[in-house]
Amino acid sequence: MQTRNLINGEWRDAPSGATFDVTNPATDEVIAKVPDGGAGQAVAAIAAARAALPSWRALPAAERAGPLAKLASLMLAKQDELAKLLTREQGKPLAEARGEISYAASFISWAAEEAKRVYGETVPASRTDQRILVLRQAVGVVAAITPWNFPAAMITRKLGPALAAGCTIIVKPAEQTPLSAFAIGELALEAGIPAGVLNIITGDSAAIGQAIFADPTVRKVSFTGSTAVGQKLMVAAANNVVRLSLELGGHAPFLVFDDADVDAAVIGAIKSKFRNAGQTCVCPNRFFVQDGIYDEFVAKLAAALEPLRIGSGLDEGVSVGPLIDDDAVAKVRDHVDDALSHGATLRLGGKIFSPESGLTERFCQPTILEGVNASMKLNHEETFGPVAPIRRFTHEAEAIELANDSPYGLASYFYTRDNSRVWRVAEALEYGIVGANDGAPSTAQAPFGGVKMSGIGREGGRYVMHEYLNIKYVSIGID
Ligand code: ADP
């Protein structure tokens with residue numbers, strides 16, 4: 001297991017020798033000590049990325065695609081090992097961690113293919129002595145700042161397209177989950193990605209962030225995390241007018257109409273809400289269920305959630321792992337208590353506990369709250385836990401209004417069997433992603449991203465390449 005920072009193809013400690021602990025959220029066991037680096041290591045990583053840039057971006061696309069495709073296949077070959085490491089540092093059940101590794105690898109293999117399709121354009125001119133050419137070129141040195149909830153996939157969906165486009169990169173993983181990042185770094189070296197093309201640094205996030213935005217070499221920052229930090233990065237980016245991709249918080253609505261297939265809606269709700277113990281930015285935070293089907297949906301959801309096994313993600317058969325840390329526990333508890341004190345009723349769960357000796361008190365039962373209203377915190381703040389707050393609605397227009405009543409606009413979901421309603425509601429939802437009868441829309445070939453305060457830019461699909469390419473207009477005068 002690699003535990004040091006990757007700078008210019010070398011594994012390095014922090015110059016001060018300082019480290020911080022990476023712990024298993026299920027047990028508090030210290031898994032590793034990793035470098036507590038700071039601005040100095042960021043500067044070194046940026047210098048390495050700058051030095052590696054000219055030869056990497058000059059390679060024919062197919063030669064950049066080669067090592068990327070190799071990296072994806074190495075990740076799949078080591079899927080079980082990587083999944084165990086991911087579960088140990090992040091907590092999610094092993095089956096989900098395995099899924100995340102193949103999902104993470106798919107972003108790299110998709111990008112490796114897209115590298116070969118970075119097409120330019122010729123545009124008809126309005127003068128006979130001019131030809132208009134549009135080129136697309138790598139933006140240069142890129143920094144990626146990533147969160148803990150998907151320690152592998154949030155990195156690969158940035159580094160895959162960045163490297164495919166001809167950029168070099170500095171990755172700053174979340175402090176809770178750097179080990180998956182280092183493991184990807186090791187495999188990248190094995191796959192033949194040259195020194196300096198991929199650098200990985202851990203440590204003081206504010207100091208590293210400042211160093212990244214202070215250096216005009218860095219032309220692009222891609223960030224996934226909270227809206228509050230994303231806003232800070234937007235301010236910092238003004239300094240050198242750095243391009244940004246921001247994938248920020250969400251507050252997804254999940255609508256179930258009277259004409260829905262209730263069983264499918266329950267399966268969709270479990271996939272979207274309870275994966276990763278509710279700790280994803282696309283998790284529904286607000287369920288709206290139409291009167292005629294309300295009782296059936298809630299009863300079936302409760303019945304499906306009740307038998308789910310809660311425990312360490314390393315134990316086969318566990319479906320709900322721990323929350324990431326004590327702050328996450330405090331937030332979930334606060335949201336549930338606040339809802340109950342404002343008149344919500346508990347239909348299922350609600351307890352945060354330790355399921356067996358040796359495990360921390362960070363395990364939250366899948367929870368259903370009914371009688372939710374707009375005054376409650378969980379109606380407007382992201383809970384990031386396995387809590388489903390449910391409200392009734394009567395009319396389609398009312399449901400759309402409730403769903404859109406949020407400053408966020410990342411994911412949204414609805415279930416109906418009426419084809420016209422599918423179109424109407426999908427078009428009316430002010431969200432970057434709509435799952436129409438689909439609780440798990442994310443996939444490497446589709447654009448992922450939000451509107452409103454959920455961010456800027458798209459990851460996945462052919463759209464992601466734009467994030468790492470500049471447009472250059474060449475006007476050619478001819479006789
Ligand atoms: P979360 O709430 O999911 O932990 P954060 O937005 O706090 O999300 O963190 C996401 C990533 O942003 C992490 O890698 C974290 O270290 C990093 N980060 C947090 N604050 C800053 C900052 N001021 N500058 C740069 N990166 C930061």
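User: I'd like to start with the interface. How much area do domain 1 and domain 2 bury between them?

Analyst: Keep in mind that this is a predicted model. Buried area is what two parts lose in accessibility when put together. Here domain 1 and domain 2 bury about 2000 Å² between them, with 56% of it on carbon and sulfur atoms. On the domain 1 side, A26, W148 and S454 supply 25% of the area buried against domain 2, more than any other three residues.

User: Where do the two domains sit along the chain?

Analyst: Domain 1 is made of two stretches, 5-248 and 454-477, while domain 2 covers 252-436. As for the contact itself, 25 residues come from domain 1 and 27 residues from domain 2. The C-alpha centres of the two domains lie 31 Å apart.

User: How many salt bridges are there between domain 1 and domain 2?

Analyst: First the general idea: side chains of opposite charge can pair when their charged atoms come close. Between domain 1 and domain 2 the count is two salt bridges. Now look at two pairs in the structure. The side chains of D28 and R362 meet at 3.0 Å, N to O. R98 and E316 also form a salt bridge through their side chains, at 3.1 Å, N to O. That second pair links distant parts of the chain: R98 is in helix α4, whereas E316 is in the loop between α10 (291-305) and α11 (326-341), 218 residues apart. The structure as a whole holds 26 salt bridges.

User: And how many residue pairs are in polar contact across the interface?

Analyst: For polar contacts you look at pairs of N or O atoms within 3.5 Å. Across the interface of domain 1 and domain 2, twelve residue pairs are in polar contact, both residues being at pLDDT 80 or more. On the side of domain 1 that touches domain 2, α3 (79-90) and α4 (94-114) each supply at least two residues. Helix α3 gives the most to that side, with five residues. Sorted by class, that side of domain 1 has seven nonpolar, nine polar and nine charged residues.

User: Zooming out, what is the radius of gyration of the protein chain, and what would a compact globule have?

Analyst: The idea is to set the chain beside a rule based on its number of residues. With 479 residues, a compact globule would have a radius of gyration near 23 Å, and the protein chain has 23 Å, so the two agree. Along the principal axes, the C-alpha atoms fill a box of roughly 75 × 60 × 40 Å. In that chain you'll find 14 helices and 24 strands.

Definitions and conventions: Residues numbered from 1 in each chain as written. Predicted model: local features only at pLDDT ≥ 70, side-chain atom pairs only at ≥ 80, totals over all residues. Heavy atoms only, no water. Domains from an automatic or database assignment. Contact = heavy atoms within 4.5 Å. Buried area = accessible area lost by both parts, 1.4 Å probe. Salt bridge = Lys/Arg side-chain N within 4 Å of Asp/Glu carboxyl O. Polar contact = N/O pair within 3.5 Å; in protein donor to acceptor, adjacent residues only side chain to side chain. Helix = DSSP H or I, 4+ residues; strand = E, 2+ residues; numbered from the N terminus. Nonpolar A, V, L, I, M, F, W, Y, C, P; charged D, E, K, R; others polar. Rg over C-alpha atoms; globule rule 2.2 N^0.38 Å.
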